[in-house]
Amino acid sequence: MSRSKRTGQAGFSLIELLIVLAILAISANLAIPGFQGMQGRQRLVAASEQVYGMLSLAKGEARKRGTEITLDIAIDAGDSTDWALGLRDTAASAAACDPTTAGSCTLSFREADGSLRQQEKVLRSSDYPGVTLAANRADIHFDPVRSTASALTFTLTGGGRSVLVRLSATGRVR
């Protein structure tokens, strides 16, 4: 019995490997900008959902507590990517809170054992890089009976898109 000799070579040539690597590099270069745009849009969606949630929380807390809750808005005039929103109990703190200062905007919550716990309720732009915010007011007061005294519109922009979050005069958030 004789063995047959192999005449062909097994494996890939250097040229074939380089062509595959070039195709992968081109595909990656085409895909990366799409992923970056998607990240910007996701930050915008997350920020708009948080603004919506903060307005809903303020409205609900005002009704539940029977006291006025205020949403203070701080937007840097020179840089609309530097913004912050903060909630405070208007009856407990008549002075406006500064959402850019840690611990300035707090709400009190009663624990199960009856003790009070202070919790900061602030939303800052540093959590959503690249998202700008514009608002038509510097603060909004949520009345426990009427929910709110005046309308408010937030415009959030990022990732090449814009989202509006509106608070109607009746307190409806959309």
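In this predicted model, strand 6 and strand 8 run antiparallel and are joined by four bridges, and within this pairing Ala135 stands opposite Phe154 of strand 8. On the side of strand 9 (residues 161–167), strand 8 is joined through seven bridges, again with the two strands running antiparallel. Two of the residue pairs can be named here: the bridge partner of Thr153 in strand 9 is Arg166, and the bridge partner of Leu156 in strand 9 is Val163. Strand 8 and strand 9 form a hairpin with two residues between the strands, in which Gly159 takes a positive phi near 60 degrees.

Taken together, these pairings give an open sheet of three strands in the order 6-8-9, with antiparallel pairing. Strand 6 and strand 9 are the edge strands, each of them pairing on one side only. On average, and with direction ignored, neighbouring strands of this sheet are turned by 20 degrees against each other.

In a regular strand the side chains alternate between the two faces of the sheet. Strand 8 (residues 152–158) shows such an alternation, since Leu152, Phe154, Leu156 and Gly158 point to one face and are buried, whereas Thr153, Thr155 and Thr157 point to the other face and are not buried. The surroundings of Leu156 can be described in further detail: with its neighbours within four places in sequence left aside, Leu156 is in contact with Leu44, Ala47, Ser48 and Val51, with Val131, Thr132 and Leu133, and with Arg161, Ser162, Val163 and Val165.

A second group of strands forms another open sheet, in which four strands follow the order 5-2-1-7 and the pairing is antiparallel. Strand 5 and strand 7 (139–142) stand at the edges of this sheet with a single partner strand each, so that one side of each is left without a neighbour in the sheet. Neighbouring strands are here turned by 10 degrees against each other on average, direction ignored. Strand 1 (residues 69–75) pairs with strand 2 in the antiparallel sense over seven bridges, and Thr70 stands opposite Arg88 of strand 2. Strand 1 is also joined to strand 7, through four bridges and with the two strands running antiparallel, and in this case Ile69 stands opposite Phe142 of strand 7. Strand 7 has a covered face, made up of Ile140 and Phe142, and an uncovered face, made up of Asp139 and His141.

Helix 1 (residues 14–65) lies across strand 1, strand 2, strand 5 and strand 7, and runs at about 10 degrees to strand 2. Helix 1 also contributes to the largest nonpolar core, which has 27 residues, and of these Val51, Leu55, Leu71, Leu85, Phe154 and Leu156 touch the most other members. Two or more residues are given to this core by each of helix 1, strand 1, strand 2, strand 3 (106–110), strand 7, strand 8 and strand 9. The largest share, seven residues, comes from helix 1.

A pair of aromatic rings is described by the distance of the centres and the angle of the planes. The structure holds one aromatic pair. This pair is formed by Trp83 and Tyr128, and it is stacked, with 6.5 Å from centre to centre and 5 degrees between the planes. The two residues are 45 residues apart and the pair links distant parts of the chain, Trp83 being in strand 2 (residues 83–89) and Tyr128 in the loop between strand 5 (122–124) and strand 6 (132–135). Residues count as buried when their relative accessible area is under 20%. Trp83 therefore counts as buried, at 2% relative accessibility, and Tyr128 is likewise buried, with a relative accessible area of 11%.

A disulfide is a covalent bond between the sulfur atoms of two cysteines. A search of the whole structure finds one disulfide, which joins Cys97 to Cys105 with an S to S distance of 2.1 Å. The torsion about the S-S bond of Cys97 and Cys105 is about 95 degrees, and the disulfide is therefore right-handed. Both Cys97 and Cys105 are buried.

Technical notes. Residues numbered from 1 in each chain as written. Predicted model: local features only at pLDDT ≥ 70, side-chain atom pairs only at ≥ 80, totals over all residues. Heavy atoms only, no water. Phe/Tyr/Trp six-rings, centres within 6.5 Å; stacked < 30°, edge-to-face > 60°. Buried < 20%, exposed > 50% of the residue type's maximum accessible area, 1.4 Å probe, protein only. Pairing = 2+ DSSP bridges. Axes fitted to C-alpha atoms, helices over the stretch in contact; angles between N-to-C directions. Contact = heavy atoms within 4.5 Å. Disulfide = S-S within 2.5 Å. Core = buried A, V, L, I, M, F, W, Y, C linked by side-chain atoms within 4.5 Å.
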